[in-house]
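Thank you all for making the time this morning. I would like to walk you through a structure that is new to most of us, going slowly and from one place to the next, so please have the picture in front of you.

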Amino acid sequence: MDDTHLDEGAAPEPQDGTTPAPVDPPSAEPTPEASPPVGTDPPPKAPEPAPPQPPPEVPQASPDSPQAAPLAQQPPPAHQPKKSGMPAGCVAMLVSLIVAAIVGFVAGIGGATLVTNDRIIDTGNGGQAIAVVDSETAEPVAAAAVVAVPSVVNIDVTGDVPTDSEELPEGHPGVPRSGSGSGVAFMNTAEGTTYIITNDHVVADAEEILVTDIDGERYDAELVGTDANTDIAVVEVQTELPAIQLGDSDEIAVGELVVAIGSPFGLQQSVTSGVVSAIGRSLPNSFSGDFGVYPLVDVIQTDAAINPGNSGGALVDRMGSLIGINTAIYSSSGDNDGIGFAVP
């Protein structure tokens, strides 16, 4: 047999066709240059071209991680497909709808606020303004009556002035004058008494003044003071009656709701309603009574029904606050014709 030179690491091929026994590697440790790189397979028998190296920005994965190899071997995509989106026209339309919805919502809230909250409106009447407030009830007349009626009283008077003797049979003695009207309790005192305001022409020259309250209780009253020029008088009773809330007649406006309360024809605590027909009405020497002429100066005109017996009663606003004392009417028949006056 010829001597054959074997390359290191190659096993001799047998000539008889048997499988050769494996050759043990030399006991000497291989040099570092001969050691295979960590994490790579031993080189194949036939040299093959080296696989392409990953891009520099991709870090070398650790061999201990099971996902390292697939990540390192996956090349970056050459082309990213463009994501499908909403057309620009649709986006603009959607934005417009959102903006319109927001504007409409804000406008609705603002309108509701103006309707339900207090606001001031210029009436154009000499700079006068009216406050518009939300209503606490659907029946403002009933609400005003509930507040004000307990403070309105009936007044009966008896005087020492005899009636005209021409109306009586010859030789008949004079008959003391009697009459009735209304009044409004407006102030309580620390002593437990109550001041009642009424008309001067209701209590003028009266010898006896009798006040009847809402419960039918009757009290003697004493005249405290009177002013014929404004047709206003004040009497006092020795008991405590509900005092009415005082309003501000300078703040009323034409067209405002008002309620008249009194005793027309002796029918106590009667309630009528209307509006303010005019303010600042002056009618000098327009109202004459049995004891003189009562000028109407700077008074409130209303179409709320006022009849004989309403004199001295209350004219109140929708809150039940006193803004005037019913005083007189214009009438061709002597009864209500829709033109009444109240002293503010």
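Let me begin with a small detail, which is that the side chain of Thr189 makes a polar contact with the side chain of Thr193, at 2.5 Å. Thr189 sits in the loop between β4, which covers 176–188, and β5, which covers 194–198, and with a relative accessible area of 17% it counts as buried, because the cut-off for that word is under 20%.

Before going further I should say plainly that this is a predicted model. The pLDDT averages 74 over the protein chain, and 56% of the residues score at least 70. Two stretches deserve particular caution: over residues 65–72 the pLDDT is below 50, and beyond near neighbours in sequence this stretch has three contacts in the model. Over residues 114–121 the pLDDT is also below 50, although that stretch has 16 contacts beyond its near neighbours in sequence.

As for the overall picture, the protein chain contains four helices and 14 strands, and of its 344 residues 28% count as buried. If we take the contacts between residues at least 6 apart in sequence, 60% of them join residues at least 24 apart. The accessible surface comes to about 22500 Å², and carbon and sulfur atoms account for 57% of that.

Let us now move to the end of the strand list, to β13 and β14, which pair in the antiparallel sense over four bridges. Within that pairing, Ile329 stands opposite Gly340 in β14. In general, the side chains of a regular strand alternate between the two faces of the sheet. In β14 both faces are covered, with Gly340 and Ala342 buried on one side and Phe341 and Val343 buried on the other.

Phe341 is worth staying with for a moment. How many aromatic pairs does a search of the whole structure find? The search finds one, and it is formed by Tyr330 and Phe341, which meet edge-to-face at 5.5 Å centre to centre, with 85° between the planes. Tyr330 belongs to the loop between β13, at 322–329, and β14, at 340–343, while Phe341 lies in strand β14 itself, so that the two are eleven residues apart. The partners also sit in unlike surroundings: Tyr330 is partly exposed, at 38% relative accessibility, whereas Phe341 is buried, at 2%.

Phe341 can also be placed relative to another strand, since Ile279 and Phe341, which are 62 residues apart in sequence, lie 9.7 Å apart from C-alpha to C-alpha. Ile279 is in strand β10, residues 270–289, and its relative accessible area of 28% makes it partly exposed.

A further link across the sequence involves Leu246, which is found in the loop between β8, at 232–237, and β9, at 257–262. Is Leu246 buried or exposed? With a relative accessible area of 54%, Leu246 is exposed. Leaving aside neighbours within four places in sequence, Leu246 is nevertheless in contact with Phe186, Ser321 and Leu322. For Leu246 and Leu322, the C-alpha atoms are separated by 4.8 Å, even though the residues are 76 apart along the chain.

I would next like to look at β6 and β7, which run antiparallel and are joined by four bridges. Thr212 has Arg218 in β7 as its bridge partner, and the two strands form a hairpin with five residues between them, where Gly216 in the turn has a positive phi of about 85°.

That brings me to backbone angles. Most residues other than glycine have a negative phi. Which residues, then, have a positive phi near 60° without being glycine? Asp205 is one of them, and Asp231 is another. Asp205 lies in the loop between α4, at 200–203, and β6, at 206–212, and Asp205 counts as partly exposed at 46% relative accessibility. Asp231, in the loop between β7, at 218–227, and β8, counts as buried at 2% relative accessibility.

To close, I would ask you to look once more at the edge-to-face pair of Tyr330 and Phe341, and to keep in mind that everything I have described comes from a predicted model.

Technical notes. Residues numbered from 1 in each chain as written. Predicted model: local features only at pLDDT ≥ 70, side-chain atom pairs only at ≥ 80, totals over all residues. Heavy atoms only, no water. Phe/Tyr/Trp six-rings, centres within 6.5 Å; stacked < 30°, edge-to-face > 60°. Buried < 20%, exposed > 50% of the residue type's maximum accessible area, 1.4 Å probe, protein only. Contact = heavy atoms within 4.5 Å. pLDDT = per-residue confidence, 0-100. Polar contact = N/O pair within 3.5 Å; in protein donor to acceptor, adjacent residues only side chain to side chain. Areas by Shrake-Rupley, 256 points an atom, 1.4 Å probe, with all protein chains shown as cover. Pairing = 2+ DSSP bridges.
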